[in-house]
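Please open the structure in your viewer and keep a selection tool at hand. The tour below goes stop by stop, saying what to select and what is to be found there.

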Amino acid sequence: MENREVAAVFEEISNLMKILQDDPKWTFKAAAYDRAKRSIESYPERLEDIARDPNRKLTDIPGIGEDLAKKISELIETGQSRYHQEQLAKIPRSLLDLLQLQTVGPQKVRLFYKELNIRSVDELEAAARAGRLRNLPGMSVKSEENILKAIEVFRHAAGRFRLDTAFETAEELAAWLCEFKPVEQVTPAGSLRRGRETVGDLDLLVTGRDHPGTAEHFVKFPGVATILAKGEDKVSVKLKNDLQVDVRLLDRSAYGAALQYFTGSKEHNVALRDRAKRRGWKLSEYGLFHGDKVLARRTEEEIYAQLGLPWIPPELRENLGEIEAAEKGTLPKLVELRDIRGDLQMHTTASDGRASIEEMAEAAKQLGYQYILITDHSKAVTIANGLDEKRAVEHIRRIHAARQKVKGIEIWAGSEVDILGDGRLDYPDVLLKQFDIVLVSVHSRMTMLAEEMTARLLRALENPYVRILGHPTGRQILKRDPFAFDLEKVLDAAQRHGVILELNGSPERLDLCDRHVKLARDRGMKIIISTDAHAPEHFKLMRYGVTTARRGWMEKSGVLNTLPPQKLLASLRPLPR
DNA sequence: GCCGTTTTCGGCCCGACTGTTTTCAGTCG
């Protein structure tokens, strides 16, 4: 059992406790489960490995005591926790879905269940529409409206998965499939290959010598919940996390055609088929044909070439001008992961990170990075243990000291300074000037009116020490919409002041999004791509940031953290003298 | 349920915001 599966069980237990409130100490127990969940989720080693090692103890993991260690062992051995199942049996399972709704927490869920016997999102929606919620204590017409809005957001998100979930699941499945010897090649296609921020289902293309055997092997994958279809060329399953996976068993000779077809997008493929048709040909998942004659099908390159086009990177295949660009020979040469030379947003134990400055620096160095920018939170973000002025000064000193300990990488002192409600910054200029690079971002009051938010951002950008605007829209994928503001005006101001926009590569944000990256690119603006790492293993999330930049047509020259350190510093907004 | 120690129990992150209040409860991060 993977760490995140254990974490998911603990999270559910915590939620169940908050709803049930059976135990007099439920708040603290639930908090303990929450802590354990977070701890496990980001724990760098596999719990299974620790459990198996006689010299190690699960209780050495922070937040795990005797009891939770036992529950983890039970989960690893049996795949279940009796305690979890007992709690789960006390309420309808669909009640937990309500927690996904914004403005609805465990207390409200409890209230709706106890008072109105509401057991699911559907029932809650019906009750809200019938005006039955407004009479409950603490509820009104307004809160009823908010719940309907939240349900709309929820339905929109349902059935889609974050890019990292899809990516990691695909990796696990590919590894599983490759354990079956006759399998030769496994390639994820679909929106995952195109790098979309969310993925509806996984398409895996498999070549090999024994299709029926491969199908048999595949459905034995431990994560499979139900088998939806099992035919000669295609197997569909639903995984326990609800993700649907379609495995297509292919003939090697037509692999390129299938890869092209199943990568999509639909719009891109329609345009390509149209192009083939105008030449009197036919393009399908089986190849490019002139009558019965095969023109191309072995590789994607051959198919595109036959259609008079260079190969088009999957990230661009949305029929948003890439075919025209390919035709004219003006396709961008997209930025690549290996171009990245440093990471410019990360947190340490000083605020809410899990590793020290030195540990982060060492890990970055291992990746071949030439520089990092340490950006712990400022004091307004109390929950993240943001640094007040005194601690910030001390922290800068520690960062300078770290340079003596970890050589061979530039360690820059920065901060993720909060943009306060009125657009002022959380630190005074006299402190800001002591940082090498100041990054600013919004973490509070995200529901203000667009006009107010725009003014807030514009005011923040005016501060001469501000050089990077972090996660500019504040969105969280499948969770929270971008806050309302006038993007054009903010881009104008950033461009005027020389403030660089961050593409936050954390897969829960990807902010700027692909469309906004394109917008910035088309205006000739540069970006930086960061991971917002809270632990060394988060550096690998850079791949999602780069993918999103590629979807925004970004070239290496548009991404400043592809530059060597001195050139990067010279490209940022000049500091006041 | 964890943790630390004033060592086997008592305290547990906490401030901002929203929407409901008329002094507060619930949610969020």
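Which exposed residues does the face of H17 turned away from its buried side carry? Select Lys390, Arg397, Gln404 and Lys405, which are the exposed residues on that face. Please bear in mind at this stop, and at every later one, that the model is predicted.

**Helix H17**

Stay with H17 and select its buried residues, namely Ala392, His395, Ile396, Ile399 and Ala402. Around the axis they cover an arc of only 115°, which puts them on the same side of H17. If you now add the elements against which these buried residues pack, you will be showing helix H16 (357-366), S12, strand S13 (410-418) and helix H18 (429-432). For a check on the geometry, place a distance between the end C-alpha atoms of H17: they are 25 Å apart, which agrees with the 24 Å that its 17 residues should span at 1.5 Å a residue.

Next, select Asn385, which is found in the loop between strand S12 (371-377) and helix H17 (389-405). The phi of Asn385 is near 60°, a positive value in a residue other than glycine. Its relative accessible area is 35%, so Asn385 counts as partly exposed.

**Helix H13 and the loop before it**

Move to the loop between H12 and H13, where Ser265 has its place, and display the backbone there. The peptide bond that joins Gly264 and Ser265 is cis, with an omega of about -5°.

Then select H13 itself, residues 266-278, and place a distance between its end C-alpha atoms: these are 18 Å apart, and this agrees with the 18 Å that 13 residues should span at 1.5 Å a residue. Which residues of H13 are buried? They are His268, Asn269, Ala271, Leu272, Arg275 and Ala276. Looking down the axis of H13, you will find these buried residues within an arc of 160°, so they line one face of the helix. Lys266, Lys277 and Arg278, by contrast, are exposed on the other side of H13.

To see what covers the buried residues of H13, show the elements that include helix H12 (255-263), strand S8 (282-284), strand S9 (287-290), helix H14 (300-306) and helix H15 (322-328). Before leaving this part, select Gly280, which follows H13 and has a positive phi, near 80°.

**The surface near DNA strand B**

Now select DNA strand B together with the 32 residues around it, of which Lys25, Gly65, Gly105, Ser140 and Arg445 come nearest. Colouring the residues of this surface by class will divide them into 10 nonpolar, 12 polar and 10 charged. On the side of the nucleic acid, 64% of the atoms of DNA strand B within 4 Å of the protein belong to sugar or phosphate, and the rest belong to bases.

Which residue places a backbone N or O atom 2.9 Å from a phosphate oxygen of DNA strand B? That residue is Thr103. For contacts made by side chains, select Ser143, where an N or O atom of the side chain is 2.8 Å from a phosphate oxygen of DNA strand B, and then Asn146, where the corresponding distance from a side-chain N or O atom to a phosphate oxygen is 3.3 Å. The elements that give two or more residues to the surface near DNA strand B are helix H2 (26-41), helix H4 (66-78), helix H6 (106-116) and helix H8 (141-157). H2 provides the largest share of that surface, with 5 residues.

**Single residues to finish**

From H6, go on to Asn117, which lies in the loop between H6 and helix H7 (121-129). Asn117 has a phi near 55°, a positive value in a residue other than glycine, and it counts as partly exposed because its relative accessibility is 41%.

Is Thr207, in strand S4 (residues 201-208), buried or exposed? Thr207 counts as buried, since its relative accessibility is 2%. Leaving aside residues up to four places away in sequence, the residues that Thr207 touches are Val183, Glu184, Gln185, Leu250, Arg252 and Tyr255.

Finally, select Leu512, in the loop between strand S16 (500-504) and helix H21 (514-522). The peptide bond that runs from Asp511 to Leu512 is cis, and its omega is near 10°.

Conventions: Residues numbered from 1 in each chain as written. Chains lettered and ligands numbered in written order. Predicted model: local features only at pLDDT ≥ 70, side-chain atom pairs only at ≥ 80, totals over all residues. Heavy atoms only, no water. Near = heavy atom within 4 Å. Polar contact = N/O pair within 3.5 Å; in protein donor to acceptor, adjacent residues only side chain to side chain. Helix = DSSP H or I, 4+ residues; strand = E, 2+ residues; numbered from the N terminus. Nonpolar A, V, L, I, M, F, W, Y, C, P; charged D, E, K, R; others polar. Expected span 1.5 Å × (residues − 1). Buried < 20%, exposed > 50% of the residue type's maximum accessible area, 1.4 Å probe, protein only. Arc of directions from axis to C-beta. Contact = heavy atoms within 4.5 Å.
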